[in-house]
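Work through these exercises with the sequence and the model side by side. Try each task before reading its solution.

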Amino acid sequence: MPIFVRLRLLVASAALTVPAPASPVELTKVAEVRALSRADKFERLPVKLEGVLLADPASGLFLQDDTGCIWMKGTDPQFKGLRRGDRVEARGVSAPGHFAPIMELETVSRLGTAPIPPPTQVTFWDLDSGRYDGQWVEIEGIVRQANPNANPRVVLASGGGRLPLFFSTAHDSMVPVDSKIRVMAIALNQFTRTGQTLHPLLFVPRDEKPVIIEYPLADLPLRRIDRLMAFSDRLDQGHRIRLRGVVAHQQAGEAIWLEENGRGIRVNLKDSVTYSIGEQVEVSGFPVRSEHYYPELEDAEVIRIAHGPPPKPEFLGTSVAALDHDAGLITLQAKVVELMRVPKGLRFVLRDDQRDFIAVLNDSAQVISPHWQNGTLFRATGICSVSSVPAIDRTGTVDPREFELIIRTPNDLVVIEAPSWWTAERRSWLLAAISAVLALTVFGIFWSSRRKIRLSTAARRQSEAEFAAILSERGRIAREIHDTLAQGLGAISLHLEMMKDDIPSGSPADHHRQDASEITRDCLNEARQSIWNMRSQVIEDNGLDGALAGVFDQLTDIDGLGGNFEVTGEPFPLPPVVENNLLRIGQEAITNAVKHASAKRIDLTLTYSPQLVTIRVKDDGRGFEPEKVHGTDSHFGLLGLKERAHEIRAALRVESQPGHGTEVTLEYPIQLSEIALR
């Protein structure tokens, strides 16, 4: 059954310019049906048409009136007895069709016969637009393919496009290839599921034979490959030409590449015949523009002439020179930058001194040789395919920019120099190994630091516990001294004072009483001082800043002595042993200023910062030379201050000059473990 019996349900018609009727009355012209709006197409409006059948019903019932042609959908009993050229009256309803409006047939009556009306002259672009779908048209073109046993039987080239021609009978399609013909046919379209046109085609009814306008030349002159589609005043453009050359490469079932005097061309084949590299052939085909830089041949026929040696590739010094050798056999030296497997074979990225370019080996079964590695220097031979031509935005010469090298066989890749052992890949592995070692080292340092912090924290907590025990014991002793020794000394001093009235003044006994009373007061003061030194509750209750404030207020509460205590920064806790030593250092510095400096003003500053805790005691007393003072000058003296500072790893600085006062500065650095646990 002809293809159009299967296609007739999909055939539609393009809109003409005749307006649709204003009201839903019976439609009597083809143009009225074709001009229906999108909404009206689904209304199934009544249709009555009178016209001529353009084709036998077996090929589709196409009715032509004086306004256009339409396809009528019906059944075989309705078509019985009808032939091409019959004048009929058809009744039915409109339908949207799959592309353009159609008519669904209810009844059809034969009125007689009539001549086939003249067709509309069209071009390929008219047909490609889809507006002439289902219309009776006429077009001229050059026959590219003609085979009565094929489907389609004829392929026509016209106006830059190719049109398949389908015939009712093989006899009607007898035209020679390369002849110029005029053909009358019904225009049809292939289209998508959504009703968008894809490609036009033509159906030639029975007894409509193409008219040959020009017959092909009996003997085609030989042409040079490098002169194809060049400027010429001859009128044979679009017709077949003849070339001779040597086969340089074949892509099975698709194309061969010919060489002639260093120039190449791609020839697209119609069959799957295999040709040998080096074989001399004669080719007849149609030159066409392609996506490459140089023209190609289509619909070619090949005649073998002789066997010969393979063509020699042209060695090029740089890849830039390859842009002038499209379809030619060339050789380049380049290094492998990247190698990957693709569905059709292998893809290389090669690099020479000028640029990177692509090379492909179309063999899906080809394995990657161990000698093909990044950095390998190749002598690569293959077909140059200049594939990227910039958009035409000016007249004159258009320069190509990119090319691809088609490798014929693995033997076309000759290793000149193996890559250095010290490759980028190995450098990457070494860098990764060094990075891993560094990461492990950093992790080790981090883990070791954390471990040291944990050990330091544990030691600190143990020291704090021991120190807390010591402080607890010292507090107990202080309470014992206060409750026993201090109270006893106070009682003795009271009794000695009461004896004053019973002993004559100035007598030896009175002198002994005074000495005993003075010794008792000194002992009582020492006991009180010891009690103060041993008690730590003042820090626990008030913090270091509160304890220093209490010491400062107690020691400077003397007539004629002024001063100021200032805390800067946000106070935070320190280990008890550190706080106790800081308190004692501040206490001793104030005591020394009171006892030895004869100061009229003492200022105490306690400063907290993220890295340091600083105590600064400054007076305006008589001053001294620190390097000449020894630790026996006071109860603690400077030696005691230095020993306490050394115990907590603090920095002590004493600045003084005779007559210019004294400034004692202590700086305690915060430890890492103290920051972590703060």
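**Exercise 1. Place Leu-430, then find its surface partners.**

Step 1. Leu-430 sits in helix H5, which spans residues 424–498. Helices are DSSP runs of H or I with at least four residues, strands are E runs of at least two, and both are numbered from the N terminus.

Step 2. This is a predicted model: local features need pLDDT of at least 70, side-chain atom pairs count only at pLDDT 80 or more, and totals for chains, interfaces and linings use all residues. Residues are numbered from 1 along each chain as its sequence is written, and side-chain values use heavy atoms, with hydrogens and water left out.

Step 3. Check the exposure. Leu-430 has a relative accessible area of 40%, so it is partly exposed. The classes are buried (under 20% relative accessible area), exposed (over 50%) and partly exposed in between, with a 1.4 Å probe and protein chains only.

Step 4. Name the patch. Leu-430, Ile-434 and Leu-438 make a nonpolar surface patch with about 270 Å² of accessible area together. Patch residues have over 30% relative accessible area and no salt bridge; like charges are joined within 9 Å, and nonpolar side chains (Val, Leu, Ile, Met, Phe, Trp, Tyr) within 5 Å. Accessible areas come from the Shrake-Rupley method with a 1.4 Å probe, and for residues only the protein chains shown count as cover.

**Exercise 2. Which residues form the negative surface patch?**

Step 1. The members are Asp-515, Glu-518, Asp-522 and Glu-526. Asp and Glu count as negative, Lys and Arg as positive; His and the chain ends are not counted. Each charge is placed at NZ of Lys, CZ of Arg, CG of Asp or CD of Glu.

Step 2. Locate one member. Asp-515 belongs to helix H6, residues 508–534.

Step 3. Asp-515 has a relative accessible area of 45%, so it is partly exposed.

**Exercise 3. How many salt bridges does the count give? Then follow some of them.**

Step 1. Start with the principle. Opposite charges on side chains can pair when their charged atoms come close. A salt bridge is a side-chain nitrogen of Lys or Arg within 4 Å of a carboxyl oxygen of Asp or Glu.

Step 2. The count is 28 salt bridges.

Step 3. Take Glu-298 and Arg-162. Their closest N and O atoms are 3.3 Å apart. Glu-298 is in strand S17 (residues 296–306) and Arg-162 in strand S9 (residues 161–167), so this pair ties together parts 136 residues apart in sequence. Glu-298 is partly exposed at 25% relative accessibility. Arg-162 is partly exposed at 28%.

Step 4. Take Lys-270 and Glu-301. They form a salt bridge at 3.4 Å, N to O. Lys-270 is in the loop between strand S15 (263–269) and strand S16 (280–288), and Glu-301 is in strand S17, so the pair joins parts 31 residues apart in sequence. Lys-270 is partly exposed at 40%. Glu-301 is partly exposed at 35%.

Step 5. Now Arg-408 and Asp-412. Their side chains form a salt bridge at 3.1 Å, N to O. Both residues are buried.

Step 6. Finish with a network. Glu-26, Lys-48, Glu-89 and Arg-91 are joined by salt bridges that share partners.

**Exercise 4. Find the backbone exceptions.**

Step 1. Recall the background. Most residues other than glycine have a negative phi, and most peptide bonds are trans.

Step 2. Look at the peptide bond from Asn-151 to Pro-152. That bond is cis, with omega near 10°. Pro-152 is in the loop between strand S7 (136–146) and strand S8 (154–158).

Step 3. Look at Asp-178. Its phi is positive, near 80°. Asp-178 lies in the loop between S9 and strand S10 (180–191). At a relative accessible area of 2%, Asp-178 is buried.

Step 4. Look at Asp-207. Its phi is also positive, about 75°. Asp-207 lies in the loop between strand S11 (197–204) and strand S12 (211–214). Asp-207 is exposed, at 52%.

**Exercise 5. How many disulfides are counted?**

Step 1. Apply the rule: a disulfide is a pair of cysteine sulfur atoms within 2.5 Å.

Step 2. The count is zero.

Step 3. Check two cysteines. Cys-69 is buried at 0% relative accessibility. Cys-384 is buried at 1%.
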